[in-house]
Amino acid sequence: MRLLMLGGTEFVGRAVAEAALARGWDVTVFHRGRHAAPEGVRAVHGDRTTAEGLAALADADDGGTWDAVVDTWSGAPRVVRDAARVLAGRAGRFVYVSSASVYRFPGAAGSDESYPLVEGDPDADAVAYAEDKRGGELAAEKVFGAERVLHVRAGLILGPYENVGRLPWWLGRVARGGPVLAPGPRDAAVQFVDVRDLAEWTLDAVAGGLSGPYNVVCPVGHVTMGELLEACVDVAGGPGVELRWVAPEVVVDAGIAPWEELPVWLPPGELYDTLHDTAVGKAVAAGLRCRSVRETVADTFFWLRSLGGVAPQRSDRPRKGLDPERERAVLGL
């Protein structure tokens, strides 16, 4: 298989590129050159948002063709459209790594790919994340046709190379040790997908010629909030580390922002049902396999240590995590 990765040097794109290389695929990575590409790819530099960058993309690989192109773009949908136009005659399939955010809010517990979607415009500039991702889906279909487009609607993505700061923050927090505010309920299911499992499923789907939308996240019941944080403690726990479980209403009443200040966690309610109770039977039937939470946590911690403990941070995403003083106040310390 010949694969073109638009991006391919940071989080999801890098995992896809490395997984394809491990399969012996021929991989071309088109990126701006700000980060090193995985060893073994054919790297082509260019900024896809400019005319010069699109010209470099048009000339990529000396005018050759690819079995598929994978795109993770999350900004203006017109950027997806323009890249797709350049590649329409040179790539067999277009894979767009989209998001569960394309579904209308509030979601419904157990909803699947048939749930209503937000509006999107394939020709638009950036509006908001959900609308931009939906616009990206429509842009890919506008150029390639729905039968040649796969939408990977990922939920929360964790694992090595994470540049958003969710799991890295928890690992850093438990590594400091002492009492840790653990937001309950302890047995509440959480849904995420290890970036490497996302990558492997995506490549299997490419090889299998799949098209259309697929929710890609671990099944409900695969892991709980307690299991996630206990794995963090087992792997990275510092001196005197102790998870102190706090009822969700206490956390909310303290003004702590779910998801942002306490990454991954959401209290029971509409947002929890939307993000942590999604049906994934379609992807599982198509081969989705999710590794253990301990493996995800341990491998992420090992990767963080290789970077000196400091994770990369996307400039367009706010930093995650809870201020130590606010944590101590809630715990009564």
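1. Let's begin with W259. In this predicted model, W259 counts as buried, because its relative accessibility is 15% and the cut-off for buried is under 20%. You can find W259 in the loop between α8 (248-253) and α9 (270-276). Look at its backbone too: W259 has a positive phi of about 75 degrees, although it is not a glycine.

2. Y161 is another residue to check for its backbone angle. The phi of Y161 is positive, at about 80 degrees, and Y161 is not a glycine either. Y161 is found in the loop between β7 and α5. Is Y161 buried or partly exposed? Its relative accessible area is 24%, so Y161 is partly exposed.

3. Stay with Y161 for its ring. Y161 and W303 form an aromatic pair, with 6.1 Å from centre to centre and 80 degrees between the planes, an edge-to-face arrangement. The pair links distant parts of the chain: Y161 sits in the loop between β7 (157-158) and α5, W303 sits in helix α11, and 142 residues separate them. While Y161 is partly exposed, W303 is buried, with a relative accessible area of 10%.

4. The ring of Y161 has a charged partner as well. R14 lies over the face of Y161, at 5.5 Å from the ring centre. A similar kind of arrangement can be viewed at Y214, where K282 lies over the face of the ring, 4.3 Å from its centre.

5. How many aromatic pairs does the structure hold? There are 5. One of them joins Y103 and Y115: the ring centres are 6.5 Å apart and the planes stand at 75 degrees, so this pair is edge-to-face. The reasoning is short, because planes over 60 degrees apart count as edge-to-face. Y103 and Y115 are 12 residues apart, and each lies in the loop between β5 (91-99) and α4 (129-144). Y103 counts as buried because its relative accessibility is 11%, whereas Y115, with a relative accessible area of 22%, is partly exposed.

6. The loop between β5 and α4 deserves a second visit. P106 is found there, and the peptide bond leading from F105 to P106 is cis, with omega near 0 degrees. Another cis bond runs from G184 to P185, again with omega near 0 degrees. P185 has its place in the loop between β8 (179-183) and β9 (193-194).

7. D121 also belongs to the loop between β5 and α4. With a relative accessible area of 39%, D121 is partly exposed, because that value falls between the limits of 20% for buried and 50% for exposed. Which residues does D121 touch, leaving out those up to four places away in sequence? They are P77, G135 and L138. If you would like a distance to try in your viewer, take D121 and A207: their C-alpha atoms are 29 Å apart, and the two residues are 86 places apart along the chain.

8. Next, look at how two helices meet. The axes of α5 (residues 166-176) and α11 (residues 293-306) come within 10 Å and cross at roughly 80 degrees. The two helices are therefore roughly perpendicular to each other, because angles of 65 to 115 degrees count that way. On the α5 side, L167, P168 and L171 make the contact, and on the α11 side T296, V297, T300, F301 and L304 do. What is the make-up of this contact by class? It has 6 nonpolar residues, 2 polar ones and no charged ones.

9. Finally, pick out T296, which lies in helix α11 and is one of the residues in the contact with α5. T296 is buried, because its relative accessible area is 1%. Not counting residues up to four places away in sequence, T296 touches L158, G159, L167, F192, D194, R196 and R291. Among these neighbours, L167 is also listed on the α5 side of the helix contact. Try selecting T296 together with its neighbours on your screen, and then add W303, the α11 residue that pairs with Y161.

Note on methods:
Residues are numbered from 1 along each chain as its sequence is written. This is a predicted model: local features need pLDDT of at least 70, side-chain atom pairs count only at pLDDT 80 or more; totals for chains, interfaces and linings use all residues. Side-chain values use heavy atoms; hydrogens and water are left out. Axes are lines fitted to C-alpha atoms, for helices over the stretch in contact, and angles run from 0 to 180 degrees between N-to-C directions. Helices (H or I, at least four residues) and strands (E, at least two) are DSSP runs, numbered from the N terminus. Angles under 35 degrees count as roughly parallel, over 145 as roughly antiparallel, 65 to 115 as roughly perpendicular and the rest as oblique. Contact means heavy atoms within 4.5 Å. Ala, Val, Leu, Ile, Met, Phe, Trp, Tyr, Cys and Pro count as nonpolar, Asp, Glu, Lys and Arg as charged, and the others, Gly among them, as polar. Rings of Phe, Tyr and Trp (its six-membered ring) pair if their centres lie within 6.5 Å; planes under 30 degrees apart count as stacked, over 60 as edge-to-face and the rest as tilted. Buried means under 20% relative accessible area, exposed over 50%, partly exposed in between (1.4 Å probe, protein chains only). A charge sits over a ring if NZ of Lys or CZ of Arg is within 6 Å of the ring centre and within 35 degrees of the ring normal.
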